[in-house]
Amino acid sequence: MRVRIAALLSALLLAAPLTMAQQVVRLSTTTSTENSGLLKFLLPAFEQKSGLKVQVISVGTGKALELAKNGDVDVTLVHARPSEDKFVAEGHGFNRRDVMYNDFILVGPTSDPAGIKGMRDVHAALRKIVSSGARFISRGDNSGTDQMEKAYWKEIGARPTGSAYVSAGLGMGEVLTMAAELQAYTLTDRATYVAYRAKTGLAINVEGDRKMFNPYGIIAVNPARHKDANYKGAMQLIEWMTSEAGQQRIAEFRLDGQQLFFPAAGR
């Protein structure tokens, strides 16, 4: 019964004409989609097709979901599947869909003080960072990257201590800059790393582990919880992002000639 009511509500909202406020779609999303330039590449095509304007708030995944939970946005695009599933299960969002994926990588100074260059096992590499006493910079902001990093430390049962571990509470681009300044390691999504590679000089040390897979999902805010949510606009964005046109646009995005995000709708 609850599913039928939700479906009926969705159909009624999508059939209603747009008000002035509903000509704007508020999107909370991760810093990786903004810092990489992906949204600047994607959204103009959607806006031209739909006649809507997308307002982007770029923060860590934890904050992006919190904004959605509070009704401060209409839709959220994030990359922390357990948190996304919890958000939907608690009734804060509808219609979560896979959008795309990329991967996490461990990067650090070219001097590689922990000797992890070329390793593929992220757990083994992190153990070497701990045992070597090398410095590690953490996002420390409950972002999707931060949540993944914390999961790795929990899985290996260890973590750098004292001054060797810096919890920055900053976005990915700022953390990469800090890692370069302090000659430290950090975990990053590949897209943001490529966007900042030239200015930081950091090297990729570990990549290719299946545990470093990084999927992204898009979720509409539940209009039953927030009557001012632009559910119709949110669903238009979701439908476009997961459509053949939207997925092709994601695949076409390049930075320094490299594809950084891979379509995942319907996988």
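**Entry 1: salt bridges**

I began with Asp-209 and Lys-211, whose side chains meet in a salt bridge with 3.1 Å from N to O; the model I am reading is a predicted one. For Asp-209 I noted a relative accessible area of 11%, so this residue counts as buried, whereas Lys-211, at 35% relative accessibility, counts as partly exposed. I then looked for salt bridges that share partners, and found that Arg-81, Glu-84, Asp-85, Arg-96 and Asp-98 are joined by them into one network.

How many salt bridges does a search of the whole structure find? I recorded 17 for the whole structure, and took two others for a closer look. In one of them, Arg-139 is bridged to Asp-141, with the closest N and O atoms 2.9 Å apart. I looked up the exposure of both partners: Arg-139 has a relative accessibility of 3% and therefore counts as buried, while Asp-141, with a relative accessible area of 21%, is partly exposed. Since buried means under 20% relative accessible area, the 21% of Asp-141 puts this residue in the partly exposed class.

The other bridge lies within a helix: Asp-146 and Lys-150 are both in helix 7, four residues apart, which is about one turn of the helix, and their side chains meet at 2.4 Å, N to O. Here Asp-146 is the buried partner at 6% relative accessibility, and Lys-150 is partly exposed with a relative accessible area of 31%.

**Entry 2: helix 6 against helix 7**

Having arrived at helix 7, I looked up how it is placed against helix 6. The axes of helix 6 (residues 122–132) and helix 7 (residues 144–156) come within 10 Å, and they cross at roughly 80 degrees. Angles of 65 to 115 degrees count as roughly perpendicular, and the two helices are therefore to be described as roughly perpendicular to each other.

Which residues of the two helices meet? From helix 6 I listed Val-122, His-123, Leu-126, Arg-127 and Val-130, and from helix 7 their counterparts Tyr-152, Trp-153, Glu-155 and Ile-156. Sorted by character, the residues of this contact divide into six nonpolar, one polar and two charged.

**Entry 3: helix 4 and Thr-61**

Next I went to helix 4 (residues 61–69), where Thr-61 has its place. Is Thr-61 buried or exposed? At 0% relative accessibility I put it down as buried. Leaving out residues up to four places away in sequence, I found Thr-61 touching Thr-30, Val-78, His-79, Ala-80, Asn-142, Ser-143, Gly-144 and Gln-147.

For the helix as a whole, the buried residues that I noted are Thr-61, Gly-62, Ala-64, Leu-65, Leu-67 and Ala-68. What covers these residues includes strand 1 (24–29), strand 2 (53–58), strand 3 (75–78), helix 5 (81–89), helix 7 and strand 9. I also checked the stretch just after helix 4, where Gly-71 takes a positive phi of about 80 degrees.

**Entry 4: aromatic pairs**

I then turned to the aromatic rings, for which the count comes to ten pairs. One of these is formed by Tyr-216 and Phe-261, at 5.7 Å centre to centre with 75 degrees between the planes, an edge-to-face arrangement. This pair links distant parts of the chain, for Tyr-216 is in strand 9 (residues 213–221) and Phe-261 is in the loop between strand 11 (258–259) and strand 12 (262–263), 45 residues apart. Both Tyr-216 and Phe-261 are buried.

Phe-261 also pairs with Phe-253: the ring centres are 6.4 Å apart and the planes stand at 40 degrees, so I recorded this pair as tilted. Phe-253 counts as buried at 5% relative accessibility, and for Phe-261 I read a value of 0%. Together with Phe-41, the residues Tyr-216, Phe-253 and Phe-261 form one aromatic cluster.

**Entry 5: Pro-215**

Last I looked up Pro-215, which lies in strand 9 and, at 27% relative accessibility, counts as partly exposed. Apart from neighbours within four places in sequence, I found Pro-215 in contact with Val-78, His-79, Met-100 and Tyr-101. I also read the separation from Ile-105, which is 110 residues away along the chain: the C-alpha atoms of Pro-215 and Ile-105 are 14 Å apart.

Terms used. Residues numbered from 1 in each chain as written. Predicted model: local features only at pLDDT ≥ 70, side-chain atom pairs only at ≥ 80, totals over all residues. Heavy atoms only, no water. Axes fitted to C-alpha atoms, helices over the stretch in contact; angles between N-to-C directions. Parallel < 35°, antiparallel > 145°, perpendicular 65-115°, else oblique. Contact = heavy atoms within 4.5 Å. Nonpolar A, V, L, I, M, F, W, Y, C, P; charged D, E, K, R; others polar. Salt bridge = Lys/Arg side-chain N within 4 Å of Asp/Glu carboxyl O. Buried < 20%, exposed > 50% of the residue type's maximum accessible area, 1.4 Å probe, protein only. Phe/Tyr/Trp six-rings, centres within 6.5 Å; stacked < 30°, edge-to-face > 60°.
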